[in-house]
Every structure is written in structure tokens, then in C-alpha cells.
Amino acid sequence: MLSKLVTALLTFSLMISCPLTWAFGLSDLQNTLEKSAVISGDFEQTKDIAMLSKPLVSNGNFVLSEKEGLLWLQATPFPVTLILSDQTLRQKMPGQPEQVIHAKDNPMAFYFSDLFLGLFHADADVLNQQFSYELDGSPEAWTLVLTPTEAPLTKVFSQITLSGGHNIDVLTMEELRGDKTTVTFSNIQRASALTDEERRAFND
């Protein structure tokens, strides 16, 4: 009887000193990446192309609006403005006429655009429908590795990896043909509404 009591007390003591560690899951990641009406920041994009000896590097900033869409402002190596909404993709370059692509004319472009937005929020519906995934880490430091399971992604990407903490810090897309694109995000800001300047950029 005494031995059983001692064993029970030791077990209870170990449970207190070594609490159970709960696994960090996809729902936890979504909570970590708190949704905001507006997310903005800087980016550096490096594209390694199998046929080129040096990577292509571009820099700029972006604004992601729940209502308006995505504003992608590339500053170097040359200025380009991309404005993505539900139905149109607009591209502006200095000294050139604006190019507009409509969703009905190029649904594949919008498929990948929607995918990007889903990745940025770690949208569980998008991830579960299109990928198998491995998630490791904690809210402060995590890595999410996505392997495509559905066409057309299976024909383009071998793997997509996201990592970060309370924001996505790095997005890496590896293509079947050997090309790799890495986007590093920094200076992330969250807001409840667009600034006047951002609103004009979306609507000009």
C-alpha cells in the first residue's frame, strides 16, 4: 500500500515539474497571424533562375487591404506598380500605358493571386484543399512546409515554405523546373484602415 502511495506521489510530482507540451497547430498559426484590415511593409524578392548565374533581386513595399486587395510597389531595379483586386490586375510602369488583366480573361493568374493571399493569412481552407503540410515551432518562431497535392500547383511548384513569428518573415517558392523565389518581409505594420495616400494608390 505504501509503495503504491509513493509511486502515485512521484508521478504527480513529475507531472507538475514537467507539464505537457501541446503541439503548435494550424489553428494556432492562424491566431498568431492576427488578421488586420490593412497590413503593410517592405519586401526583398530574390529569384534564382536555373539558366542564370546570378539571381534577380527586387525591393519595394506592399499594402494588403481586406477591402481593396493587394498593392505591390517595386522600387528597384526599376519601378513597377501592381494593383490586384477581386476582378482585375493592373500594372503601371513610368512612361508606359497601364496594362489591365481581367479575371474572366486570365483565370489562372487570379488563381495564383488568390493562393498568395491565402498563404499570407495561413488560410486553413486554402492550405487543406491544395497542400499536405508540416508545421513546426511555436508562435514566436515557426516553419510551415507545403507540398502541393492538386493541379495546377503540382505542375508548377515542388514545395512552398513560410516561416516567421507573429508575422510571415520569409516566403520561399520552389518550382519543378529548378527556379526558386524567396520573398523576405520586414517592417510589418497593421492598421484598421488605409491612409489617404494608400487609398489614392489603389484607386488612381
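Here are some short exercises, with worked solutions, on the structure above.

This is a predicted model, in which local features need pLDDT of at least 70, side-chain atom pairs count only at pLDDT 80 or more, and totals for chains, interfaces and linings use all residues. Residues are numbered from 1 along each chain as its sequence is written, and side-chain values use heavy atoms, with hydrogens and water left out.

**Exercise 1. Find how many helices and strands the protein has, and what percentage of its residues count as buried.**

Solution. Start with the elements: the protein has five helices and eleven strands. Helices (H or I, at least four residues) and strands (E, at least two) are DSSP runs, numbered from the N terminus. Next, turn to burial: 34% of the 204 residues count as buried. Here buried means under 20% relative accessible area, exposed over 50%, and partly exposed in between (1.4 Å probe, protein chains only).

**Exercise 2. Describe the largest pocket: its space, its lining and the elements that supply the lining.**

Solution. Begin with the volume, which is about 1,000 Å³. Then look at the lining of the largest pocket: 28 residues, with Gln45, Trp72, Leu82, Phe116 and Met173 closest to the centre. Two or more lining residues come from each of strand 1 (38-48), strand 2 (56-65), strand 3 (69-76), strand 4 (80-84), helix 3 (107-120), strand 10 (168-175) and strand 11 (180-191). Helix 3 has the largest share, six residues. Finally, sort the lining by class: 21 nonpolar, five polar and two charged residues.

Three terms are used here. A pocket is, on a 1 Å grid over the protein atoms alone, an open set of points where a 1.4 Å probe fits, with protein on both sides within 12 Å along at least five of seven lines; lining residues have an atom within 4 Å of a point. For the volume, grid points are joined across faces, edges and corners, and the space filled by probe spheres set on the points is taken. Ala, Val, Leu, Ile, Met, Phe, Trp, Tyr, Cys and Pro count as nonpolar, Asp, Glu, Lys and Arg as charged, and the others, Gly among them, as polar.

**Exercise 3. Do the same for the second largest pocket.**

Solution. Its space is about 430 Å³. The second largest pocket has 22 lining residues, and Leu64, Ser65, Glu66, Leu117 and His121 lie nearest its centre. Helix 3 again deserves a look, as it gives the largest share of this lining, five residues. By class, the lining of the second largest pocket has eight nonpolar, seven polar and seven charged residues.

**Exercise 4. Locate the two cis peptide bonds, and the residue with positive phi that is not a glycine.**

Solution. Keep the usual case in mind: most residues other than glycine have a negative phi, and most peptide bonds are trans. One cis bond joins threonine 76 and proline 77, with omega about 5°; proline 77 is in the loop between strand 3 and strand 4. Another joins alanine 151 and proline 152, also with omega about 5°, and proline 152 sits in the loop between strand 8 (141-148) and strand 9 (157-164). Lastly, asparagine 187 has a positive phi of about 55°. Asparagine 187 lies in strand 11 and counts as exposed, at 51% relative accessibility.
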